[in-house]
Structures are given as structure tokens and as C-alpha cells.
Amino acid sequence: MVIKLPNVKENIRVVMQRLGYNEHRDRHATEPSFTMRLSGAWYPRFHGYIEERSDAWLLKLHLDMQESKAYGASRHGGVYEGEIIAKEAARIQQMVSLLQKEDASRASTAQPEEKRGFFARLFG
């Protein structure tokens, strides 16, 4: 499933970590990849590839059920559509919208601080 995520001020790695995903390094992958385990074991896990665009990020999400058994095979037991994928996509979109609201509130409440010396800040 492909999920379109709007740009947020934070780095995509930080955003994915806040969503519960960890960076997954694969020497064959050309795009950044992130996984979130559903239990203590390696599988099943959500696995997503990030494609960065000028207006948004595209998250290509699927559920890895098991590791591939064939040597050198890139195919695995993955689920690309379904109820569990749709629920995770909805959760991700909801969390990213909350992050956007946080960014907007930080921008509106941030006021430049008056420049003062060290002792003036320390003693008032």
C-alpha cells in the first residue's frame, strides 16, 4: 500500500522513529527502509520504503510475514493489502497530522528571545 505523507519539518528518520519504526539497512535497497516489529521476533513486521518527493513523502508499506526461504530470492511472504495494513496506514496518517499540528503550534508560539549577556540572564 502506498501512503502519501505531507512534509514535516523534522527529518524523515526522526518522524519514522516517533511512529515506532526503526531504520532497516539493506545493501540491495535503493531507498531508505524502516521496520516495526509486531512482537519480539523478527517476523511478522511492518516494512516500509520511503520515496522523497518535492511536495510529500511516499511510504510503500507492507507486512512481512516470514523471511524468504530460497537462497538469493528477494520474494518473501508479504501482505500488501488488507485490513491490518489499512489500520496501520490510518494510524500513520493520524500521527503525521498530529506532528504537523505540533509544528504549526511551535511556529506560532515561538517568539524571538531578547539578547542579553550571561550575567543578565543568570541574575535577571
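**Exercise 1. An aromatic residue and its surroundings**

Decide whether phenylalanine 119 counts as buried or exposed, and on what relative accessibility the decision rests.

*Solution.* In this predicted model, phenylalanine 119 has a relative accessibility of 59%. The cut-off for the exposed class is over 50% relative accessible area, and phenylalanine 119 therefore counts as exposed at its 59%. As for its place in the fold, phenylalanine 119 is found in helix α3.

**Exercise 2. Ring geometry in helix α3**

How many aromatic pairs are there, and which kind of pair does phenylalanine 119 form with phenylalanine 118, and which with phenylalanine 123?

*Solution.* Step one is the count, which comes to 2 aromatic pairs. Phenylalanine 118 and phenylalanine 119 make up an edge-to-face pair, with 5.1 Å from centre to centre and 75 degrees between the planes. The pair of phenylalanine 119 and phenylalanine 123 is stacked, its centres lying 6.3 Å apart and its planes at 0 degrees. The two labels follow from the angles, because planes over 60 degrees apart count as edge-to-face and planes under 30 degrees apart as stacked.

Step two is to ask how the stacked partners are placed along the chain: phenylalanine 119 and phenylalanine 123 are 4 residues apart in helix α3 (residues 118-123), so that about one helical turn separates them. Taken together, Phe118, Phe119 and Phe123 form one aromatic cluster.

Step three concerns exposure. Phenylalanine 118 counts as exposed at 51% relative accessibility, and phenylalanine 123 is likewise exposed, with a relative accessible area of 67%. On the surface, Phe118, Phe119, Leu122 and Phe123 form a nonpolar patch whose accessible area together is about 520 Å².

**Exercise 3. Contacts of aspartate 64**

Which residue forms a salt bridge with aspartate 64, and which side chain makes a polar contact with the side chain of aspartate 64?

*Solution.* Begin with the charged partner: arginine 45 forms a salt bridge with aspartate 64, and their closest N and O atoms are 3.2 Å apart. Because arginine 45 lies in strand β4 (residues 45-52) and aspartate 64 in strand β5, the pair ties together parts that are 19 residues apart in sequence. Arginine 45 is buried, with a relative accessible area of 7%, and aspartate 64 also counts as buried, at 3% relative accessibility.

Turn next to the polar contact, which the side chain of histidine 62 makes with the side chain of aspartate 64 at 2.8 Å. Histidine 62 has its place in strand β5 (residues 56-66), and at 4% relative accessibility histidine 62 counts as buried.

**Exercise 4. Salt bridges of glutamate 23**

Find the salt-bridge partners given for glutamate 23, and state whether each residue involved is buried, partly exposed or exposed.

*Solution.* The count for the structure comes to 11 salt bridges. One of them joins the side chains of glutamate 23 and arginine 13, at 3.2 Å from N to O. This pair links distant parts of the chain, since glutamate 23 belongs to strand β2 (residues 22-24) and arginine 13 to helix α1 (residues 12-18), 10 residues apart. The side chain of arginine 25 also meets that of glutamate 23 in a salt bridge, with an N to O distance of 3.9 Å.

The exposure classes can now be assigned. Glutamate 23 is partly exposed, with a relative accessible area of 31%, and arginine 13 is partly exposed as well, with 36%, whereas arginine 25 is exposed, with 71%.

**Exercise 5. The segment around proline 44**

What kind of peptide bond joins tyrosine 43 and proline 44, and over the face of which residue does arginine 37 lie?

*Solution.* The bond between tyrosine 43 and proline 44 is a cis peptide bond, with omega at about 0 degrees. Proline 44 has its place in the loop between β3 (33-37) and β4. Arginine 37 lies over the face of tryptophan 42, at 4.0 Å from the ring centre.

**Exercise 6. Phenylalanine 34**

Is phenylalanine 34 buried or exposed, and how many residues apart in sequence are phenylalanine 34 and leucine 58?

*Solution.* Phenylalanine 34, which lies in strand β3, is buried, with a relative accessible area of 1%. In sequence, phenylalanine 34 and leucine 58 are 24 residues apart, while in space their C-alpha atoms are 13 Å apart.

Conventions:
Residues numbered from 1 in each chain as written. Predicted model: local features only at pLDDT ≥ 70, side-chain atom pairs only at ≥ 80, totals over all residues. Heavy atoms only, no water. Phe/Tyr/Trp six-rings, centres within 6.5 Å; stacked < 30°, edge-to-face > 60°. Buried < 20%, exposed > 50% of the residue type's maximum accessible area, 1.4 Å probe, protein only. Helix = DSSP H or I, 4+ residues; strand = E, 2+ residues; numbered from the N terminus. Lys NZ or Arg CZ within 6 Å of the ring centre and 35° of its normal. Polar contact = N/O pair within 3.5 Å; in protein donor to acceptor, adjacent residues only side chain to side chain. Salt bridge = Lys/Arg side-chain N within 4 Å of Asp/Glu carboxyl O. Patch = residues over 30% accessible without salt bridge, like charges linked within 9 Å, V, L, I, M, F, W, Y side chains within 5 Å. Areas by Shrake-Rupley, 256 points an atom, 1.4 Å probe, with all protein chains shown as cover.
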